[in-house]
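Me: I should like to learn how to read the features of a protein model in order. Could we begin with burial and then proceed to the other features?

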Amino acid sequence: MGSKYTRGCCGWLIVALIAALVATAAMFAIMKRKPGGRGRHMKPLPVPGPPGAIDSKYGDALGVALQFFQVQKSGKLENNQIPWRGDSALTDGKEAGLDLSKGMYDAGDHMKFTFPMAFTATVLAWSVLEYGDQMSAAKQLDPALDALKWITDFLIAAHPSDNVLYIQVGDPDLDHNCWERPETMTEKRPLTQISKKSPGSDVAAEAAAAMAAASMVFKSSDTTYSDVLLQHAQKLFTFADTYRGLSSESYPKLQDFYNSTGYVDELLWAASWLYHATGDQTYLSYVTVQNGKTYADWGRPTWFSWDDKNPGTQVLLSRLNFFGSKQISNAENEGLKSYRDTAEAVICGLIPDSPQATASRTGGGLIWISGWNSLQHATNAAFLALVYSDYMLSTRTAEVQCSGKYYSPTDIRNFAASQANYILGDNPMKLSYLVGYGSSYPQQVHHRGASIPADAKTGCKGFEYLHSPNPNPNVATGALVGGPFQNDTFVDSRDNAVQTESSTYNSGTLVGLLSGLVTTSSVAQSFT
């Protein structure tokens, strides 16, 4: 009896041991197939070479997206490719003896807000600096440069003296009480400026960031223009840092439109761009040793937007930590490491199966933070993730660790592509949220110019076109509409501005995202 029991026990032990070995082997096989195997280190991937074959999906979408900047242009148009658009706002700035006719309209209205417009320029310039080779390979670099310069021309004109910056053209109340084409506007378009007495560090610093970034874009093609941009950027940063205050506190009415929650993030963002543009250690010390611990919110990932520049600064300064520099001190390197650690926390929050993954997603997989203009956060997050993955690839950095799980640059790139694919139609609605791309996209974009026939005589009160059930007579090609609700649904109605209005600043990071996906290539070690 005892001998029989012992043999049976040994038999079951052998069976159990074999089963355990099989289960362990299966687990390792799964870990090889899936990203983020616990405890598994990864081998570095090869560094990509020059731009390779063009992915036609992203290439076509990039060409479409860039057209929205042409749709949004104010002023006397040059080489106009949008048949239903014409010259508009030609006297903007006249009351101050300035020409503020250029720039771009903010969204579906005819306001020009310097804050989000400058952010558009900053991220568009960043996109060109990182992915200009890819844009060129896709034959889309010239439209991107044209759009960027149209905004920076405005910023130069809006900064007539060291401590004055015009931050708004138009009266939002008057503008929003009209529904008309920009070409036929007759309302007054008053100017709003910040100064020593009425500061706006948030706007001044964002304009400084835009001009510093753009100065590097144009450095090789137009050194004079590049120098002018850099001079303005340095003066604007000094103005923003010396006379501190929020534009929405100087002008409370701004709180109804672009109510910045702070300005220290813009100061760090601008100083980071100025360091890249000048190599002046003063700016690097400003963002690391002097102000990093106080203002940078190290260790606290947030969402990149026109309001919050911290995640962008974290990724941008990670570039210095990835590629290194002999001129950087130990104290500055410690600060840069803190920026990079926080950038990795941002990335870990985005990868879907990361232990730190945010739950703020739709069932279809889209990052979703708020109902109004919901696609902005997904687009911005995907752009930052793509840039970070390319820093990793270009330096043969094998992995990021997220609470004990490891993710490769490919895993991060796949997340970025998933957001782009959702936007382009891989979503429960089977709808492209990029107007003009694909066979199915929104027909009733909340956009004055697109909704009114070019020959219509509406005066200010063309609201019949706002409320019309018919598709827009003009296609706002390249518009990225607000986007879906959290349940992945979308109501294509012009009256539904929450979902159907498009914003110019969405297009800056979208262009960067599509440019980075259009083909593979290593990024440059330095912007200059």
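Reply: A residue is called buried when its relative accessible area is under 20%, exposed when that value is over 50%, and partly exposed in between. The structure shown is a predicted model. With those limits, Ala89 counts as buried because its relative accessible area is 11%.

Me: Where is Ala89 found, and what is its phi?

Reply: Ala89 is found in the loop between H2 and S1. Its phi is positive, about 55°, although Ala89 is not a glycine.

Me: Asn79 also has a positive phi; is Asn79 buried or exposed?

Reply: The limit for exposed is over 50% relative accessible area. Asn79 is therefore exposed, at 69% relative accessibility. Its place is in the loop between helix H2 (56-71) and S1, and its phi is about 50° although Asn79 is not a glycine.

Me: How should I read a sheet, and what is the strand order here?

Reply: Two strands are taken to pair if at least two bridges are found between them. In this model an open sheet of three strands has the order S1-S2-S3, and the pairing is antiparallel. Strand S1 (112-113) and strand S3 (191-194) are at the edges; each has a single partner strand, so one side of each has no neighbour in the sheet.

Me: How many bridges join S2 to S3, and which residues are partners?

Reply: Strand S2 (residues 165-169) is joined to S3 by four bridges. Tyr166 stands opposite Gln193 in S3, and Val169 has Leu191 in S3 as its bridge partner. On the other side, S1 and S2 pair over two bridges, also in the antiparallel sense. There, Phe113 has Gln168 in S2 as its bridge partner. S2 is mostly covered, with five of its five residues buried.

Me: What does Phe113 touch beyond its neighbours in sequence?

Reply: Not counting residues up to four places away in sequence, Phe113 touches Asp106, Ile167, Gln168, Pro172, Leu254, Phe257 and Tyr258. Phe113 lies in strand S1 and is buried, with a relative accessible area of 4%. A distance along the chain may also be set beside one in space: Phe113 and Asp60 are 53 residues apart in sequence and 30 Å apart, C-alpha to C-alpha.

Me: How is a cavity read, and which residues line the largest cavity?

Reply: A cavity is a space where a probe fits but cannot get out. This structure holds five cavities of 30 Å³ or more, and about 60 Å³ of space lies in the largest cavity. Its lining is formed by Phe113, Thr114, Phe115, Pro116, Ile167, Val203, Ser247, Leu254 and Tyr258. Helix H3 (residues 114-137) gives the largest share of that lining, three residues.

Me: What is the general idea behind a nonpolar core, and which residues touch the most other members here?

Reply: In soluble globular proteins, nonpolar side chains tend to be buried together. The largest nonpolar core of this model has 149 residues, and Trp126, Leu165, Phe237 and Trp273 touch the most other members. Leaving out residues up to four places away in sequence, Trp273 touches Thr122, Trp126, Leu129, Ala209, Ala212, Ala213, Met216, Leu316 and Phe527.

Me: How should I treat annotations from a record, and which residue does UniProt list for "active site"?

Reply: Such annotations may be inferred rather than shown by experiment. The unreviewed UniProt entry lists His446 under "active site". The same entry's annotation "domain: Glycoside hydrolase family" covers residues 58-514. Over residues 58-514 the chain is 49% helix and 4% strand, with the end C-alpha atoms 6 Å apart.

Me: Where does His446 lie, and is His446 buried or exposed?

Reply: His446 lies in the loop between helix H15 (409-423) and helix H16 (448-451). His446 is buried, because its relative accessible area is 11%. Apart from neighbours within four places in sequence, His446 is in contact with Gly108, Trp179, Leu466, Arg494, Ala497, Thr500 and Glu501.

Me: What accessibility does Tyr465 have, and what does Tyr465 touch?

Reply: Tyr465, in helix H17 (residues 463-466), counts as partly exposed at 21% relative accessibility. Residues up to four places away in sequence aside, Tyr465 touches Trp179, Ser451, Ile452, Pro453, Ala456, Thr458 and Arg494. The C-alpha atoms of Tyr465 and Gln486, 21 residues apart along the chain, are separated by 29 Å.

Key
Residues are numbered from 1 along each chain as its sequence is written. This is a predicted model: local features need pLDDT of at least 70, side-chain atom pairs count only at pLDDT 80 or more; totals for chains, interfaces and linings use all residues. Side-chain values use heavy atoms; hydrogens and water are left out. Buried means under 20% relative accessible area, exposed over 50%, partly exposed in between (1.4 Å probe, protein chains only). Contact means heavy atoms within 4.5 Å. A nonpolar core is a set of buried Ala, Val, Leu, Ile, Met, Phe, Trp, Tyr and Cys residues joined through side-chain atoms within 4.5 Å. On a 1 Å grid over the protein atoms alone, a cavity is a set of points where a 1.4 Å probe fits but cannot get out, and a pocket is an open set with protein on both sides within 12 Å along at least five of seven lines; lining residues have an atom within 4 Å of a point. Grid points are joined across faces, edges and corners, and a volume is the space filled by probe spheres set on the points.
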